[in-house]
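Please have a look at this chain before reading on. The report below walks through its layout, part by part.

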Amino acid sequence: MLSKFTTAAVVATLLLAASAAMAGVGDYAFEPVNPEMKKGDDVTLAVRLTNKQTGKPVSDAVIFRTRVDMAPDGMAEMESAVAPLPSKEPGVYVFKTDLPMAGRYQVTLSAKLQGESETVTGKVIVKATK
């Protein structure tokens, strides 16, 4: 009887390890914490990164490239500088940027995640209001 439990435990462990190994860059998603905010200078943008398989936040990402522009409204050349800020919530990445006019802004992020050989890239749309 004990060997059946041991075998089941080994099989469960192997299945868990296999599912973790099969995770890929498509298993992660960026989403805005607040999809709508007032336009202005020094606006705080917060983006959450989650593992789509588990629904859990990913807090160990290294965000190495960010871009904020108005591509959704046909003005990709309207780019704003982005500066990282500290975050108090796991899996939430916070940035300071300028949203000088009302409209839709695209936040493009590239991140390296522990255990993933490829770069995770995501695009998030936020709306600036008057």
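What follows covers the overall make-up, the two sheets, the core and a few single residues.

## Overview and confidence

This is a predicted model. The mean pLDDT of the protein chain is 88. Of its residues, 82% reach 70 or more. Residues 8-22 are another matter: there the pLDDT is below 50. Beyond near neighbours in sequence, that stretch has two contacts in the model. Read its placement with that in mind.

The protein chain has 130 residues, and 31% of them are buried. Its secondary structure comes to one helix and nine strands. The helix comes at the start: from the N terminus on, the elements run α-β-β-β-β-β-β-β-β-β. The chain exposes about 8,100 Å². Carbon and sulfur atoms supply 58% of that area. Consider the contacts between residues at least 6 apart in sequence: 60% of them join residues at least 24 apart.

## The four-stranded sheet

One open sheet has four strands, in the order β1-β3-β7-β6. The pairing is antiparallel. Its edge strands are β1 (28-32) and β6 (82-85), and each pairs on one side only. From one strand to the next, the twist averages 30°. In general, strands of a sheet pair through backbone hydrogen bonds, either parallel or antiparallel.

Take the pairs in turn. β1 meets β3 (residues 40-51) over five bridges, in the antiparallel sense. Here A29 stands opposite T50, and F30 has L49 as its bridge partner. β3 is also joined to β7 (residues 92-99), antiparallel, by seven bridges. V43 is partnered by T97 in β7. β6 and β7 run antiparallel too, with four bridges between them. L85 has V94 in β7 as its bridge partner.

## A hairpin and a positive phi

Which two strands form a hairpin with six residues between them? They are β6 and β7. G91 lies in the turn and has a positive phi of about 80°.

D42 also has a positive phi, near 55°, although this residue is not a glycine. D42 sits in strand β3.

## The five-stranded sheet

A second open sheet is built from five strands, in the order β2-β9-β8-β4-β5. Its pairing is mixed. The edges are β2 (36-38) and β5 (75-80), each paired on one side only. Neighbouring strands are turned by 35° against each other on average, direction ignored.

Within this sheet, β8 and β9 pair in the antiparallel sense over nine bridges. L109 stands opposite G122 in β9.

## The nonpolar core

How many residues does the largest nonpolar core have? The count is 23. F30 and L49 have the most contacts inside this core. These two residues are also bridge partners, with L49 in β3. The elements that give two or more residues to the core are β1, β3, β4 (62-70), β7, β8 (103-112) and β9 (120-129). In soluble globular proteins, nonpolar side chains tend to be buried together.

Look at L49 in more detail. Leave aside its neighbours within four places in sequence. L49 is then in contact with Y28, A29 and F30, and with K56, P57, V58 and A61. Its other contacts are G91, Y93 and L113. G91 is the residue in the turn of the β6-β7 hairpin.

## L113, a loop residue

L113 is placed in the loop between β8 and β9. Is L113 buried or exposed? L113 counts as buried because its relative accessible area is 6%, under the 20% cut-off.

Beyond neighbours within four places in sequence, L113 is in contact with Y28, L49, V58, A61 and V120. Among these, Y28, V58 and A61 are contacts of L49 as well. L113 and S59 are 54 residues apart in sequence, with 9.2 Å between their C-alpha atoms.

Methods:
Residues are numbered from 1 along each chain as its sequence is written. Side-chain values use heavy atoms; hydrogens and water are left out. Two strands pair if DSSP finds at least two bridges between them. Axes are lines fitted to C-alpha atoms, for helices over the stretch in contact, and angles run from 0 to 180 degrees between N-to-C directions. A nonpolar core is a set of buried Ala, Val, Leu, Ile, Met, Phe, Trp, Tyr and Cys residues joined through side-chain atoms within 4.5 Å. Buried means under 20% relative accessible area, exposed over 50%, partly exposed in between (1.4 Å probe, protein chains only). Contact means heavy atoms within 4.5 Å. pLDDT is the predictor's confidence in each residue, from 0 to 100. Accessible areas come from the Shrake-Rupley method with a 1.4 Å probe; for residues, only the protein chains shown count as cover.
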